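Here is a friendly walk through one protein model. Keep the sequence and the 3D view open beside you as you read.

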Number of protein chains: 2
Amino acid sequence: MKLYNGPTSPFGRKVSVLYRELGLPVNEVAIDVYSAEFLDALNPLRQIPTLELDDGRAIYDSMVISLYLVSVAGRGDVLPEEQRWDILTFCAMCDGVMEAVLQRRMETLRPQGEKSPSVITKLETRASRGVSNLAAQLHRIEGNGLRLDRIAAVCALEYVSFRLSDDWRTLHPSLAAWCEAYGRIPGFAATRPNS
Amino acid sequence: MKLYNGPTSPFGRKVSVLYRELGLPVNEVAIDVYSAEFLDALNPLRQIPTLELDDGRAIYDSMVISLYLVSVAGRGDVLPEEQRWDILTFCAMCDGVMEAVLQRRMETLRPQGEKSPSVITKLETRASRGVSNLAAQLHRIEGNGLRLDRIAAVCALEYVSFRLSDDWRTLHPSLAAWCEAYGRIPGFAATRPNS
């Protein structure tokens, strides 16, 4: 399998942590998605992460790739059946936080005359509500085993720190402590963006 | 189950068509998501569709809700196991087309001094590539039975017509013919936005 990914995508990072921790044979290729016209043949959205199977078929987005990798690995413990819908909803919430932070970042990079202060505020508020919800749900994700919601939480929270602000660690110290501890899993260290 | 939805959301429409065709007892509530502060308690992203279960738990986003409804209905034929990853990837592609058209719409509604012509072009190009890919994959979705990819395709294509342009019907007449035929399923008629 070949995984097209970028150096800072939180969606790609989720998938990268997952295949590493599952021990799956994935050939990860870092690309610049903004100039990756070749990707259209696999994924007309031209988005990362995109997984290419050995037979040439493509799988995306990050949620679908994650489900596929868990299925291939036969690791039901990563998505326990009895918590399936809570975990997938939690992952969707984390994806929404990542998306809000990513969109905000894109908005701040626009030239003068194209930025919207109200859009930036809206996205920051959404991300902040998501992080507060994450803190409120900490009891549901606490633990050490590999699980999709835990991977999503760390990727979302560290992306908030990376692109928006580290303030959430002061506001939610228990969440910060859990994130730091769970973030010591090797897959995170191998995929942490530098700056 | 209670489904919070809006009158024009293509993501909400996918879910609405699905529960109707599955014959599931869902109480659908139309809300104005832009002022729906109450929704934060269920979904801190404040996005529709959001499904509230009878025990108060929330399920989102539209992909997760769709998987949940198929599971509850016990209708494996709506997502056949042997085509599972192709179908879910196809659905993610349709979601990406809807998202591009929605984001473009939001961009065009911005006040002068906050619009980005290059963002609008990028989103239109992405949507167009998605529709071309849909046309190229028509042989894979053709048919009459209820299936997640077929629902997603009609919702995406009709949303392109609704918010962007109807030109794709001329460019891709076979796709247009299939979409019109499959779109006669009652669930689509009951959920088609007026204007």
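Across all chains of this predicted model, the count comes to 30 salt bridges. Three of them, each within a single chain, are set out below.

| Acidic residue | Basic residue | Closest N and O atoms |
|---|---|---|
| Asp149(A) | Arg147(A) | 2.8 Å |
| Glu158(A) | Arg192(A) | 2.9 Å |
| Glu158(B) | Arg13(B) | 2.8 Å |

Let's start with the pair in the top row. Asp149(A) and Arg147(A) are both buried.

Next comes the pair of Glu158(A) and Arg192(A), joined by a salt bridge. This pair links distant parts of the chain, 34 residues apart: Glu158(A) sits in helix α6 (residues 148-163) of chain A, while Arg192(A) belongs to the segment after α9 (186-189) of chain A. Glu158(A) counts as buried because its relative accessible area is 13%, under the 20% cut-off. Arg192(A), in contrast, is partly exposed, with a relative accessibility of 35%.

In chain B, the side chains of Glu158(B) and Arg13(B) meet in a salt bridge. Glu158(B) lies in helix α6 (residues 148-163) of chain B and Arg13(B) in helix α1 (residues 10-22) of chain B, so this salt bridge ties together parts that are 145 residues apart in sequence. Both Glu158(B) and Arg13(B) are buried. There is also a network: Glu107(A), Arg110(A), Glu107(B) and Arg110(B) are joined by salt bridges that share partners.

Now look at where the two chains meet. How many residues of chain B are in contact with chain A? There are 39 residues of chain B in contact with 39 residues of chain A. The size of an interface is often given as the accessible area lost when the parts come together. Between chain B and chain A the buried area is about 3,300 Å², and carbon and sulfur atoms give 56% of that area. Leu45(B), Trp85(B) and Arg129(B) supply 20% of what chain B buries against chain A, more than any other three residues.

Arg129(B) also forms a salt bridge with Asp40(A), and their closest N and O atoms are 3.6 Å apart. Between chain B and chain A the count is 6 salt bridges, along with 14 residue pairs in polar contact. Which elements of chain B give two or more residues to the side that touches chain A? They are β4 (58-59), α2 (62-73), α3 (84-108) and α4 (117-136) of chain B. α3(B) gives the most, with 11 residues. By type, the residues on this side of chain B divide into 17 nonpolar, 9 polar and 13 charged.

Helix α3 of chain B also holds Asp95(B). Is Asp95(B) buried or exposed? Asp95(B) counts as buried, at 14% relative accessibility. Leaving aside residues up to four places away in sequence, Asp95(B) touches Phe11(B), Lys14(B) and Ser62(B). Asp95(B) and Ala156(B) are 61 residues apart in sequence, and their C-alpha atoms are 7.2 Å apart in space.

Finally, the cysteines. A disulfide is a covalent bond between the sulfur atoms of two cysteines. Over all chains, the count comes to 0 disulfides. Why does Cys179(A) have no bond to Cys155(A)? The closest cysteine sulfur to that of Cys179(A) is in Cys155(A), 9.1 Å away, which is too far for a bond. Cys179(A) is buried, with a relative accessible area of 1%. Cys94(B) is in no disulfide either, and the nearest cysteine sulfur, that of Cys91(B), is 6.3 Å away. Cys94(B) is buried, at 0% relative accessibility.

Notes: Residues are numbered from 1 along each chain as its sequence is written. Chains are lettered from A and ligands numbered from 1 in the order in which they are written. This is a predicted model: local features need pLDDT of at least 70, side-chain atom pairs count only at pLDDT 80 or more; totals for chains, interfaces and linings use all residues. Side-chain values use heavy atoms; hydrogens and water are left out. A disulfide is a pair of cysteine sulfur atoms within 2.5 Å. Buried means under 20% relative accessible area, exposed over 50%, partly exposed in between (1.4 Å probe, protein chains only). Contact means heavy atoms within 4.5 Å. Buried area is the accessible area (1.4 Å probe) that two parts lose on being put together, summed over both. A salt bridge is a side-chain nitrogen of Lys or Arg within 4 Å of a carboxyl oxygen of Asp or Glu. A polar contact is a pair of N or O atoms within 3.5 Å; within protein, one must be able to donate a hydrogen and the other to accept it, and residues adjacent in sequence count only if both atoms are side-chain atoms. Helices (H or I, at least four residues) and strands (E, at least two) are DSSP runs, numbered from the N terminus. Ala, Val, Leu, Ile, Met, Phe, Trp, Tyr, Cys and Pro count as nonpolar, Asp, Glu, Lys and Arg as charged, and the others, Gly among them, as polar.
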